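The following exercises are to be solved from the sequence and the three-dimensional model. Each task is followed by a worked solution.

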Amino acid sequence: MPLDLAATSIELTRQICDIESVSGNEKAVADEIEQALERMPHLEVLRDGDLVVARTHLGRARRVVIAGHIDTVPVNGNLPTRFEAEGGVEYLWGRGTVDMKPGVAVALKLAAELSSPSVDVTWLFYDHEEVTSDLNGLARLARTRPELLAGDFAILGEPSNGAVEGGCNGTMRFDVVTRGKRAHSARGWMGENAIHKAAPILALLADFEPETIEVDGLAYREQLNAVLVSGGVAGNVIPDECRIHINYRFAPSRSGAEAEAKMRALFEPLGEFVLQDLAPGARPGLDDPLAQEFLAAVGLEAKPKYGWTDVARFSALGIPAVNFGPGDPSLAHADGERVPLAQITACEDALRAWLS
C-alpha cells in the first residue's frame, strides 16, 4: 500500500517501519517517500540516490532544514512492528521505532500538511546513516549538491526522548602502540614485554579526569576511555607489540586539530600514536534567533548531546543545528526498540506550532 500522508504520525511511523530498510536497502522506502511527496503541489521534490529532498519556495526570509535518515541497523526478529503497553504507557515496538523512523514520520506528516509555513523548509530524508561515513547520504550531498543543504537553522530528528539536544560532542579514535622484543617466556629477561610497557598508558587513562566545558550555555562532558586492547602472539612468547584503542569524546568548542594535539601531548611520550578516526563536534548555536524562537515555541530547555550525530555536518557548513525527535536513545539498535506513542504526537505538535 502507498504511504498515507493523511494518516496520523503514529500510523505513518508504523507504515515506514514495516518497510524494511537496513542500510544499503533503502530504495523501497525512498521510492514510497518520493512518490508520496510528489503528490504535494507546494513541494519541489528531488532525488539523489536513495536520498529524497522536498522544498518549499515561498520567498520567506529564512530557510530551515529538517532532516532524518531512513535506514536502520539489521533486523533481528523485530519486524513487523506491533503496538504494546507497558506500565500504563502505549508503545510502538520494532526495528526503527526509535532510530529514527518516528522523526521521519513526523517530518513527512508536516511536509505534506504545512503548505504555507512561516519559514521556507527543506525536508531531507537520507540514506546510509548507520554505516561508514563515506557512504552517508548527507555527506554525499554536501560534496555534490551543497546548495540543497543551505539554510539558516537545522533540526535533525534523531531520538532525544522528545527533548531538544543542542549540537554534539566530537569523537576521535586512536591507537597507542608499545613495542618490545620477542623471546621465549621461560627466558623472559631476553625479551622486552610490550604489554608491560602499556601499564603507564592504562594508569593515565584510569586517573584522567575529563573536563566539563560550557558551550553556548550547555555543559558538554568529555570522555576518554580505552575501548579495545590487543597484544601477544602465543602463550609462551614474550609479546613484542601491544595496541590500546582509545576513544576521546570532546566538547564542540575544540576543533579536531585541537583535540588531536591534546591527545598527542598526553600519549606520544608513552608510545606510538596512530590516529584512526576524527569527527569534530557541533556547536549548538543557541544564540541564533531561529534557535531561540524554536526553543520558545516548543517550550523546552535545550540539553547537550554527548554522542556524535549528523548535526555536525550542518555545523561544518555554518548552520546551527539541534537534535529533536521521539524515542529513548538508549533503546536505539536494541532488539526491544520501542517508542512511546505520546512522544511521537508531542514532537509533531511542537514542530507544527513553531513552523506555523
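**Exercise 1. Determine which element gives the largest share of the lining of the largest pocket, and describe that pocket.**

Solution. The largest share, 4 residues, comes from H9. Helices (H or I, at least four residues) and strands (E, at least two) are DSSP runs, numbered from the N terminus. The model is predicted: local features need pLDDT of at least 70, side-chain atom pairs count only at pLDDT 80 or more, and totals for chains, interfaces and linings use all residues. Residues are numbered from 1 along each chain as its sequence is written, and side-chain values use heavy atoms, with hydrogens and water left out.

Step 1: search. On a 1 Å grid over the protein atoms alone, a pocket is an open set of points with protein on both sides within 12 Å along at least five of seven lines, whereas a cavity is a set of points where a 1.4 Å probe fits but cannot get out; lining residues have an atom within 4 Å of a point. Grid points are joined across faces, edges and corners, and a volume is the space filled by probe spheres set on the points.

Step 2: volume and lining. The largest pocket has a volume of about 750 Å³. Its lining consists of 28 residues, with Glu 129, Thr 171, Trp 308, Thr 309 and Asp 310 nearest the centre. Two or more lining residues come from each of strand E9 (170–179), strand E14 (272–279) and helix H9 (311–316).

Step 3: chemical class. The lining of the largest pocket divides into 10 nonpolar, 8 polar and 10 charged residues. Here Ala, Val, Leu, Ile, Met, Phe, Trp, Tyr, Cys and Pro count as nonpolar, Asp, Glu, Lys and Arg as charged, and the others, Gly among them, as polar.

**Exercise 2. State how many cavities of 30 Å³ or more a search of the whole structure finds, and characterise the largest cavity.**

Solution. Step 1: the search of the whole structure finds 1 cavity of 30 Å³ or more. The volume of the largest cavity is about 90 Å³.

Step 2: 15 residues line the largest cavity, and Ile 66, Gly 103, Ala 107, Gly 157 and Leu 351 lie nearest its centre. Strand E3 (63–69), helix H3 (101–113) and helix H10 (341–355) each give two or more residues to this lining. H3 gives the most, with 4 residues.

Step 3: by class, the lining of the largest cavity has 11 nonpolar, 4 polar and no charged residues.

**Exercise 3. Identify which residues of H7 are buried, and establish how they are arranged about the axis.**

Solution. Step 1: helix H7 (residues 256–267) has 12 residues and reaches 17 Å from its first C-alpha to its last, close to the 16 Å expected at 1.5 Å a residue. The expected span is 1.5 Å times one less than the number of residues.

Step 2: Gly 256, Ala 259, Glu 260, Met 263 and Phe 267 are buried in H7. Buried means under 20% relative accessible area, exposed over 50%, and partly exposed in between (1.4 Å probe, protein chains only).

Step 3: the buried residues of H7 fall within an arc of 95 degrees seen down the axis, so they line one face of the helix. The arc is that of the directions from the helix axis to the C-beta atoms. An α-helix has 3.6 residues a turn, so residues three or four places apart point the same way.

Step 4: the face of H7 turned away from its buried side carries the exposed residues Ala 257 and Ala 265. The buried residues pack against E9, helix H6 (199–207), strand E12 (223–231), strand E13 (241–250) and E14.

**Exercise 4. Carry out the corresponding analysis for H8.**

Solution. Step 1: in helix H8 (residues 289–298), the buried residues are Leu 290, Ala 291, Phe 294, Leu 295 and Val 298. They cover an arc of only 135 degrees around the axis, which puts them on the same side of H8.

Step 2: Pro 289 and Ala 296 are exposed on the face of H8 turned away from its buried side. The cover of the buried residues includes E3, strand E7 (153–156), strand E8 (164–166), strand E16 (321–324) and H10.

**Exercise 5. Locate Leu 114 and list its contacts.**

Solution. Step 1: Leu 114 is found in the loop between H3 and strand E6 (120–126). Leu 114 counts as buried, at 11% relative accessibility.

Step 2: leaving aside neighbours within four places in sequence, Leu 114 is in contact (heavy atoms within 4.5 Å) with His 42, Arg 352, Leu 355 and Ser 356. Leu 114 and Ser 356 are 242 residues apart in sequence, yet 7.7 Å apart in space, C-alpha to C-alpha.
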